[in-house]
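Trainee: I would like to go through this structure by asking about its packing, its strands and its rings. Can we take them one at a time?

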Amino acid sequence: MTTTTTRVAAAAAGVLLVAVALAGVVRGEDPYVFFDWKVTYGTKTLLDAPQKVILINGEFPGPRINCSSNNNIVVNVFNELDEPLLFTWNGMQHRKNSWQDGLPGTQCPIAPGTNFTYKWQPKDQIGSFFYFPSIGMQRAAGGYGGISVVSRLLIPVPFDPPADDHMVLVGDWYVKDHAAMAKMLDSGKNFGRPAGVLINGKGGKDAAAAPMFTVEAGKTYRLRVCNVGIKASLNFRIQGHDMKLVEMEGSHTLQDMYDSLDVHVGQCLSVLVDADQKPGDYYMVASTRFIHDAKSVSAVIRYAGSNTPPAANVPEPPAGWAWSVNQWRSFRWNLTASAARPNPQGSYHYGQINITRTIKLLISRGHIDGKLRYGFNGVSHVDADTPLKLAEYFNVTDGVFRYNQMSDVPPAVNGPLHLVPNVITAEFRTFIEVVFENPEKSMDSVHLDGYAFFAAGMGPGKWTPAERKTYNLLDAVSRHSVQVYPRSWTAIMLTFDNAGMWNVRSNIWERHYLGEQLYISVVSPARSLRDEYNMPENGLRCGKVVGLPLPPSYLPA
């Protein structure tokens, strides 16, 4: 349901004139889009095994959120699980509004048998994203769904409207119960490799039992592909068809053609596919990358009227790391295209901004009391009983967390990990370089809430300042997630201009659960509503902030 609301409410012309005189200007709000979500457990047969999954309104995957830039999204979540629940909106920047980010560091959980209403805007954003439950290992039980944000009317889009727009949610899948997976990690055990791959909630023979999409010859279709899994990078391809990359996590890209694309955990992209082949059925395939005992899933795209089954020769995935790295290097920002605003993307010259600070994050791995933990720079994050944002807002951080217990550089000696809530500060509106180093033998994928960043460079071994000579300072794609290859580094650059408490995390959910995450506190010195919203009136309270009076409001904008 979509409605447009205004701030004008007058019963007579005289009252209206008074209202106009007082308000100065009467402005309409952006359109509203409303959702009611009933979140329950259900049983689904996936990969030939009945399993408990998280459903939204009885659906798995959950409902797709279709909206336009700047729409007001209102999601009323009814938690009918037997455990606390939060949803996070992967890639939504929540300008001035980390209250809606839906993580244990920013929000008290929605208790079983209660409801909470999220309200957020894809402010000045377009593109392909997804949401998922963020507490514990709930993400491994489903509860995820797609988010598609289209441009406002009159904002030019650098390709013709497609005949249809499909969400393709692919991800690895485990047949273990999500609570059992959490207990395994808590006891120091590993839950191993995935049992298979799902595509739009289907796997194995079930995925190809009926056509997933039907196309008409001669038309062009948009596929928004997101890796919603918890461990494995995936390669996506369509039998007999090339794909034109047009968008990646909210940025229009140069429109190069690909026969397959690597999509790492937490990442999304959009391709245009021409239905230009002989009418028939064709496989759409997603296969795991970089892990032993590879898994794949095949779904069917059918040309309208076809009764020809897909050919048996399913296209094989590429091999090796070098192919994947070279493909990443081919991705380029479309400098002349508009995104959510009418001005060209390339009008922001990030490569000409002076770096004010470099944060080098070494992915740390170790054992505490014999149990595996991950972290950054020797600090393994643990969630506090009081969400970090609430403790900061109410000025009760003592006994909850201390700022900057982690240094900007890794410790000289890789000593034992420290278990604390990991919160660092970043000065408002400063341009910062963040380097991730992955010394592990396995792939990592990292995400930053609240922002889009420029993934300027990556390479093997350890990062040094000399690596800046290899950076792409012109047209790196602005995005929110990026992979870090084994025994390699990845460098990102961004301006910290969004006040709030923002999560930096591994998208590899085992690593995230075991502490490979931190929060960045970005505070506007003006303490103005121009820069950050007050805590919402319906904000949940828990921990040390229960019963406390509200702090003074931020100053008017």
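Mentor: The questions below deal with nonpolar cores, one sheet and some aromatic pairs in a predicted model.

Trainee: Which strand gives the largest share of the largest nonpolar core?

Mentor: In soluble globular proteins, nonpolar side chains tend to be buried together. Here the largest such core has 94 residues, and among those with the most contacts inside it are Met137, Val168 and Phe436. Its largest share, five residues, comes from strand 10 (residues 164-173).

Trainee: How many residues are in the second, separate core?

Mentor: This core is separate from the largest one and includes Trp37, Val39, Cys67 and Tyr131. Its residue count is 26.

Trainee: Which strands are the edge strands of the open sheet of five strands?

Mentor: The order of the sheet is 26-34-33-28-31, with mixed pairing. An edge strand pairs on one side only. That description applies to strand 26 (423-427) and strand 31 (481-484).

Trainee: Which residue in strand 31 stands opposite Ser445?

Mentor: Strands of a sheet pair through backbone hydrogen bonds, either parallel or antiparallel. Strand 28 (residues 444-448) and strand 31 run antiparallel and are joined by four bridges. Opposite Ser445, in strand 31, stands Gln483.

Trainee: Is the aromatic pair of Phe130 and Phe132 stacked, edge-to-face or tilted?

Mentor: A pair of aromatic rings is described by the distance of the centres and the angle of the planes. For Phe130 and Phe132 the centres are 5.8 Å apart and the planes are at 35°. Planes under 30 degrees apart would count as stacked and over 60 as edge-to-face, so an angle in between is classed as tilted. The pair of Phe130 and Phe132 is therefore tilted.

Trainee: Why is the pair of Phe132 and Trp509 classed as it is?

Mentor: Both partners are buried: Phe132 has 0% relative accessibility, and Trp509 has 0% as well. Their ring centres are 5.3 Å apart. Because the planes stand at 90°, the pair is edge-to-face.

Trainee: How many residues apart are Phe132 and Trp509?

Mentor: Phe132 belongs to strand 8 (residues 127-133), and Trp509 to helix 6 (residues 509-513). The pair links distant parts of the chain, with a separation of 377 residues.

Trainee: Which residue lies over the face of Trp509?

Mentor: A charge counts as sitting over a ring when, for Arg, CZ is within 6 Å of the ring centre and within 35 degrees of the ring normal. The distance from the ring centre of Trp509 is 4.8 Å, and the residue over its face is Arg139.

Conventions: Residues numbered from 1 in each chain as written. Predicted model: local features only at pLDDT ≥ 70, side-chain atom pairs only at ≥ 80, totals over all residues. Heavy atoms only, no water. Core = buried A, V, L, I, M, F, W, Y, C linked by side-chain atoms within 4.5 Å. Buried < 20%, exposed > 50% of the residue type's maximum accessible area, 1.4 Å probe, protein only. Helix = DSSP H or I, 4+ residues; strand = E, 2+ residues; numbered from the N terminus. Pairing = 2+ DSSP bridges. Phe/Tyr/Trp six-rings, centres within 6.5 Å; stacked < 30°, edge-to-face > 60°.
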